[in-house]
Number of protein chains: 2
Amino acid sequence: MRAGELGERRLIELLVRGLYRNSRVVAGAGEDDAALLSFGDRQLVAASDIMFASTHFPTGMKPEHIGRKVAVANLSDLAAMGAFPVAMLFSFGIPTVFEVAELRGIIKGINAACSEYDAPFVGGDTKKARELTICGVALGEVRKGGALTRCNAKAGDVVAVTGEIGNAALGLKILLERMKTAGYSKLTNAFLLPRARIEEGRAIAECRVSAAGMDITDGLLFSAGEIARMSGVCLSLEKDRIPISEEARKFARKYGISEDFLLNNGEDYELLVTVRKNKFSQVRRKVETIGGSLVKIGHVVEGRGVLLDGRKLKITGYDSLKSRQP
Amino acid sequence: MRAGELGERRLIELLVRGLYRNSRVVAGAGEDDAALLSFGDRQLVAASDIMFASTHFPTGMKPEHIGRKVAVANLSDLAAMGAFPVAMLFSFGIPTVFEVAELRGIIKGINAACSEYDAPFVGGDTKKARELTICGVALGEVRKGGALTRCNAKAGDVVAVTGEIGNAALGLKILLERMKTAGYSKLTNAFLLPRARIEEGRAIAECRVSAAGMDITDGLLFSAGEIARMSGVCLSLEKDRIPISEEARKFARKYGISEDFLLNNGEDYELLVTVRKNKFSQVRRKVETIGGSLVKIGHVVEGRGVLLDGRKLKITGYDSLKSRQP
């Protein structure tokens, strides 16, 4: 069977089955946003995200945008674990005809993000390749037992997100289809200049309320399904509560794009979290203290899967191996 | 200017210039075999190595060989720092037509190496790509100040290697040119089934004698040049002392391959180290205790660069961006 027929998720399930592990592994391959490992008196958090020019960098992305995007995608996995960034590595595959000036632009974008999140770019690799390839690695730390994992949701919890949903998916659509951007810079900027919710993740983790968390880069509903699956619960979401920007609504209305598109497409680096009901106000206040927001969009119930306004969903999410997107 | 004109080393020099760093960074990008970071009561060692089907996996490599090779290449960077392996991550770029059975073979090879070196495969990523791409990450630890760095060589030190030089380079040549392998399985196995010198690296580091170390995957003379450059000294090597296997000598004689080829081509995962002269016997005994070997091939003198039998060398080493190798 070919990889494209199986798709990314089933392929990963198949590949990680029966991997060797030892007592230092707290969360291993395929188990959470990042690996979690015992390391001295703390825990080491490690995530890696690989991107290819042919799939991930649409025309219209400047080198600095590309660099920032790869850095933020990796940092977002630390955010989803409530981790403190320590450092980053980047390995490059470079066509021999690739312009050095563009590479310098990419590094500039990476370095700006590394500085912003205090996660120095400390190593990696450079090799010849057929297309521009960037593999990032984010290393972070949490106190023992302090990570936000995907398996911590319990019936009764509040489900919440850290920001607006769908801006980046529309921004990507605008770039891919070379649509007019006038009036929609919020959407294109959400894609081109993303932010990782590191401070929000840490604020939530510091409340020590046993929350669950995941980023929503493969789509809000996909992530809801993952937390539900890993925690053995059902996430019941209310459509009206899901924060969608004015610009996204206006754009979607104008071009006949359904709200489902916004909820099923990724590229937003917001966090989806669940928090015990009696702790939610406290956690929201803490997130607001650092300038963030935490918006309730539903609650956790017994059962399996995801409900949207009471209707059970079949969730697919974005799958790069199955996708025909350029 | 294009990347291929600049070449890998000058490109890296250019790209890492002026990167952001903070007080946790002990060794950053371009400074050693791996990044070295303060982490609680210990130091975190992190290295990443990326490989592409078109450059790194010649015909004749089985999926298990490919998996093992990527794992060992990354672990070798931990070995060169004298680090204890903690875990590994692997990110994959996969053409949609790639056979799932082959991927499973690759994972099998990776997992076998992870188990052998007690470094569990704990995470990574999977995306669509134009050619098979594997980016590995090795995470390890050392006690504070315990790493073997490239900048520790001092005039008077003994220069030594952990094993035979050139077997793997000839093994790769045999595979690339589809030559007869009968009688030369030692050479092809050196390429297909490499070992990382983790135990040797740790044994040397545990002697606490302020040694310098680097692996020789880009060629023995290139690594000698790197240690010389980073330490501000000259490495003086004696050709007759460099351990070359009977099989390699026989093969090289038969096909008219110069000894320079063996010393300038990589793929061997041996370590090149320098040790204070009065500590060398002690360190060698320690390495022998764990079943390894440490062979003196020269000594460190004042000056710059590398001497081979007293002759100053101009060193190039393997450069994937400049190479026309398939």
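Select strands E2(B) and E3(B) in this predicted model: five bridges join E2(B) to E3(B), and the two run antiparallel. One pair to display is B:Leu37 with B:Leu44, its bridge partner in E3(B). The two strands form a hairpin with two residues between them. In the turn, B:Gly40 has a positive phi of about 55 degrees.

**The sheet of chain B**

Next, add strand E1 (25-27) of chain B. E1(B) pairs with E2 (residues 35-39) of chain B in the antiparallel sense, over two bridges. Here B:Val25 stands opposite B:Leu37 in E2(B). B:Leu37 is thus a useful residue to keep labelled: B:Val25 stands opposite it, and B:Leu44 is its bridge partner in E3(B).

On moving to E3(B) and E6(B), one finds 10 bridges joining them, again in an antiparallel arrangement. Among the residues to label are B:Ala47 and its bridge partner in E6(B), B:Ala138. How many of the 11 residues of E3(B) are buried? The number is 10, so E3(B) is largely enclosed by the rest of the structure.

Now show the whole sheet. Six strands of chain B form an open sheet in the order E1-E2-E3-E6-E4-E5, with mixed pairing. Its edges are E1(B) and strand E5 (121-128) of chain B, each of which pairs on one side only. From one strand to the next, the twist averages 20 degrees.

Add helix H4 (residues 63-79) of chain B to this view. The helix lies across three strands of chain B: E3 (42-52), E4 (84-94) and E6 (133-142). H4(B) runs at about 30 degrees to E6(B).

**The contact between the chains**

Display both chains together. The contact takes 72 residues from chain B and 72 residues from chain A. Which element gives the most to the side of chain B that touches chain A? It is E3(B), with nine residues. By class, that side of chain B has 39 nonpolar, 17 polar and 16 charged residues.

**The first strands of chain A**

Turn to chain A and select strand E2 (residues 35-39). Four of its five residues are buried, so E2(A) is largely enclosed by the rest of the structure. Strand E1 (residues 25-27) of chain A is joined to E2(A) by two bridges, and the two strands run antiparallel. Label A:Ala27, whose bridge partner in E2(A) is A:Leu36. A:Leu36 in turn has A:Val45 as its bridge partner in E3(A).

E2(A) and strand E3 (residues 42-52) of chain A are antiparallel and joined by five bridges. They form a hairpin with two residues between them. In its turn, A:Gly40 has a positive phi of about 60 degrees.

From A:Gly40, measure to A:Val16: the two lie 24 residues apart along the chain, and their C-alpha atoms are separated by 26 Å. A:Val16 belongs to helix H2 (residues 8-16) of chain A. Is A:Val16 buried or partly exposed? With 19 C-beta neighbours inside 10 Å, A:Val16 counts as partly exposed, because a buried residue needs 20 or more. Leaving out residues up to four places away in sequence, A:Val16 touches A:Ala29 and A:Gly30.

**The nonpolar core**

Select A:Met88 and B:Met88. These are the residues with the most contacts inside the largest nonpolar core, which has 238 residues. In soluble globular proteins, nonpolar side chains tend to be buried together. Beyond its neighbours within four places in sequence, A:Met88 is in contact with residues including A:Ala71, A:Asn74, A:Cys114 and A:Ala119. Also among its contacts are A:Phe121, A:Val122 and the run A:Gly136, A:Val137, A:Ala138 and A:Leu139.

**Helix H12 of chain A**

The last stop is helix H12 (residues 280-289) of chain A, where the buried residues are A:Phe280, A:Val283, A:Arg284 and A:Val287. They cover an arc of only 100 degrees around the axis, which puts them on the same side of H12(A). An α-helix has 3.6 residues a turn, so residues three or four places apart point the same way.

What do the buried residues of H12(A) pack against? They pack against strand E7 (158-161), helix H8 (198-206) and strand E10 (271-275) of chain A. Rotate the view to the other side of H12(A), where A:Ser281, A:Gln282, A:Arg285 and A:Thr289 are exposed. Just after the helix, A:Gly291 takes a positive phi of about 90 degrees.

Key: Residues are numbered from 1 along each chain as its sequence is written. Chains are lettered from A and ligands numbered from 1 in the order in which they are written. This is a predicted model: local features need pLDDT of at least 70, side-chain atom pairs count only at pLDDT 80 or more; totals for chains, interfaces and linings use all residues. A nonpolar core is a set of buried Ala, Val, Leu, Ile, Met, Phe, Trp, Tyr and Cys residues joined through C-beta atoms within 7 Å. A residue is buried if 20 or more other C-beta atoms lie within 10 Å of its own, exposed if 12 or fewer, and partly exposed in between; C-beta atoms are placed from the backbone. Two residues are in contact if their C-beta atoms, placed from the backbone, lie within 7 Å. The arc is that of the directions from the helix axis to the C-beta atoms. Two strands pair if DSSP finds at least two bridges between them. Axes are lines fitted to C-alpha atoms, for helices over the stretch in contact, and angles run from 0 to 180 degrees between N-to-C directions. Ala, Val, Leu, Ile, Met, Phe, Trp, Tyr, Cys and Pro count as nonpolar, Asp, Glu, Lys and Arg as charged, and the others, Gly among them, as polar.
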